[in-house]
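The following exercises are to be worked with the sequence and the coordinates at hand. Each task is followed by a solution in steps.

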Amino acid sequence: MNFDIGFIFQVMGQIIRYVPVTIYMAVVSLIIGGALGLVVALVRYYKIPGLSQLLSIMITILKGVPLILIFLIIFLITSQNFNRFAKAVGWHIRYGDLPMSVLAIIGLSLMATVGLSEAFRGAFESVKQVQFDAARSLGMTKMQTIRRVLIPQTMPVALPMIINMLINLIKGTAIASLVSVVELFSAATQTASSNYKYFEAYIAAALIYWMMTIVIERGAVFLELRMDKKIKRS
Amino acid sequence: MIEVKNVHKSFNDNEVIKGVSLSLKEGEVVTILGPSGSGKTTFLRCLNFLEEADSGSITVNDHEVIFGQASANDVLQLRRSMGMVFQNYALFLNKTAKQNIMEPMVIVHGYSTQQAAARAEELLAVIGLPDHGDYYPSQLSGGQKQRIGIARALAVHPTVLLFDEPTAALDPELVGEVLKVMKAVKDAGVAMIVVTHEMQFAYEVSNRVIFMADGVIVEEGTPQQIFETPQEARTKSFLNRFTVH
């Protein structure tokens, strides 16, 4: 087998323009998963009867299923039922018109919700009881306490896990290639289909994923340093 | 002005407050003394519903709240007429000294940011920390944190301030600066209920001293009565431990 280093760079040059698609899917999933994960974590932290147990069961189930299975199940369910559903509620949109990246975002958002809800729950536990005593003694409502005390104190603790989730989501976007979304990984594969230099193409894709990860991690270190300055546990 | 009647509180089957009553006039300072486990901190926490008492009532400014039957709104209104100072300061770690003092003013009592900032600066000067407004709690000493805790509780002009062992977590050399601020609070005419082991403070600053043990008030009177001519054996033996050393 001839190893063609030049081709690696050629592929990298071609697929780099799909970086924004990958980042778009990962970041949107992170935001949706972060918001849902926060709600799930709050429901479980405050032990809201019924809902808390239900979510706990759902999280346990989803946690044990590989991302690719979640993704294929979403694909099967939506592809068979979307048109009927759209017709029933009077939408003039067909399954084929949907951007397939939406499916990837749903699957990745679920994964992010599961991971981040657990991350937030752990971070909530780091907030000392006396902080809540203070808020209550001042006459703050529960919502004010969540917004002004709990969440701001949780974020610096959860940040490393949020960044870790972003990195996992970036790598996870490769599954979108299964439903013909053109993103980094599928673009690399396509480039190689003409000359069968798959090995080089995979390495090119790996290098780009790797570089994105490095940039995110550097950024995270910077952010963490800034937050550390502000909040130190005393 | 503040009337606490017949408070009972149990944790599981263990009754820790067995019918404690207390009344406070405007600007009056009452110190509660007693051995650990006597229920004094729990009693204090019951007054603003940090612990929910089983029965009894509290009346602040003619507004009566009955323990065990209070609505969420009753509790909120009651808390907003009181301030509390904690043993471990309980400053919000994500906020600067000044933001801590402003928080109840802006978020709970509807001050504008400018009004709150002006009052916060005024209070920072009163507690002797005019240049520390932008410091985070992690950058301050225990004594500084506690003074800010007092300023935060005082900011919204509460009817009464509750102090839960405010100097117990402090290094001895920092106790003085906190007691000084507490004296200033008294001089400003704010009523205070103080749970403490600072005998000097109890003797010099309070109008009345209550000695509590095993969930009941054993004895109460002026500082002179309690410290110089205690009537009850339990009071005597408790005070002896402090004066002998």
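## Exercise 1. A salt bridge between two helices

B:Glu177 has a relative accessible area of 24% and is therefore partly exposed (buried means under 20% relative accessible area, exposed over 50%, partly exposed in between, with a 1.4 Å probe and protein chains only). The model is predicted: local features need pLDDT of at least 70, side-chain atom pairs count only at pLDDT 80 or more, and totals for chains, interfaces and linings use all residues. Residues are numbered from 1 along each chain as its sequence is written, chains are lettered from A and ligands numbered from 1 in the order in which they are written, and side-chain values use heavy atoms, with hydrogens and water left out.

Task: Determine which side chain meets that of B:Glu177 in a salt bridge, and state where the two residues lie.

Solution.
1. The criterion is a side-chain nitrogen of Lys or Arg within 4 Å of a carboxyl oxygen of Asp or Glu.
2. The partner is B:Arg147, with an N to O distance of 2.9 Å.
3. The pair links distant parts of the chain, 30 residues apart: B:Arg147 belongs to helix α5 (residues 142–154) of chain B, and B:Glu177 to helix α6 (residues 172–187) of chain B. Helices (H or I, at least four residues) and strands (E, at least two) are DSSP runs, numbered from the N terminus.
4. B:Arg147 counts as buried because its relative accessibility is 10%.

## Exercise 2. A salt bridge within one helix

Task: Explain why A:Asp133 and A:Arg136 are separated by about one helical turn, and classify the accessibility of A:Asp133 and A:Arg136.

Solution.
1. The two side chains form a salt bridge, at 3.5 Å from N to O.
2. Both residues lie in helix α6 (residues 129–137) of chain A and are three residues apart, which means a separation of about one helical turn.
3. A:Asp133 is buried, because its relative accessibility is 6%.
4. A:Arg136, at 25% relative accessibility, is partly exposed.
5. Over all chains, the count comes to 16 salt bridges.

## Exercise 3. The sheet of chain B

Task: Give the strand order of the six-stranded open sheet in chain B, and trace the pairing of β9(B) with β3(B) and with β10(B).

Solution.
1. The order is β6-β7-β8-β3-β9-β10, with mixed pairing.
2. The edges are β6 (82–85) and β10 (216–221) of chain B, each of which pairs on one side only.
3. From one strand to the next, the twist averages 20°. Here axes are lines fitted to C-alpha atoms, for helices over the stretch in contact, and angles run from 0 to 180 degrees between N-to-C directions.
4. Two strands pair if DSSP finds at least two bridges between them. Strands β3 (residues 29–33) and β8 (residues 191–195) of chain B are parallel over four bridges; B:Ile32 has B:Val195 as its bridge partner in β8(B).
5. β3(B) and β9(B) are also parallel, over four bridges, and B:Thr31 has B:Val209 as its bridge partner in β9(B).
6. β9(B) and β10(B) are antiparallel over five bridges, with B:Phe211 opposite B:Glu219 in β10(B).

## Exercise 4. The cover of β9(B) and the turn that follows

Task: State how many residues of β9(B) are buried, and identify which residue of the β9(B)–β10(B) hairpin takes a positive phi.

Solution.
1. Six of the six residues of β9(B) are buried.
2. B:Arg208, B:Ile210 and B:Met212 point one way, B:Val209, B:Phe211 and B:Ala213 the other way.
3. The hairpin has two residues between its strands, and B:Asp214 takes a positive phi near 50°.
4. B:Asp214 also forms a salt bridge with B:Arg234, with the closest N and O atoms 2.9 Å apart.
5. B:Arg234 lies in helix α9 (residues 233–244) of chain B and B:Asp214 in the loop between β9 (208–213) and β10, so the pair ties together parts 20 residues apart in sequence.
6. B:Arg234 is partly exposed at 40% relative accessibility, and B:Asp214 is partly exposed at 46%.
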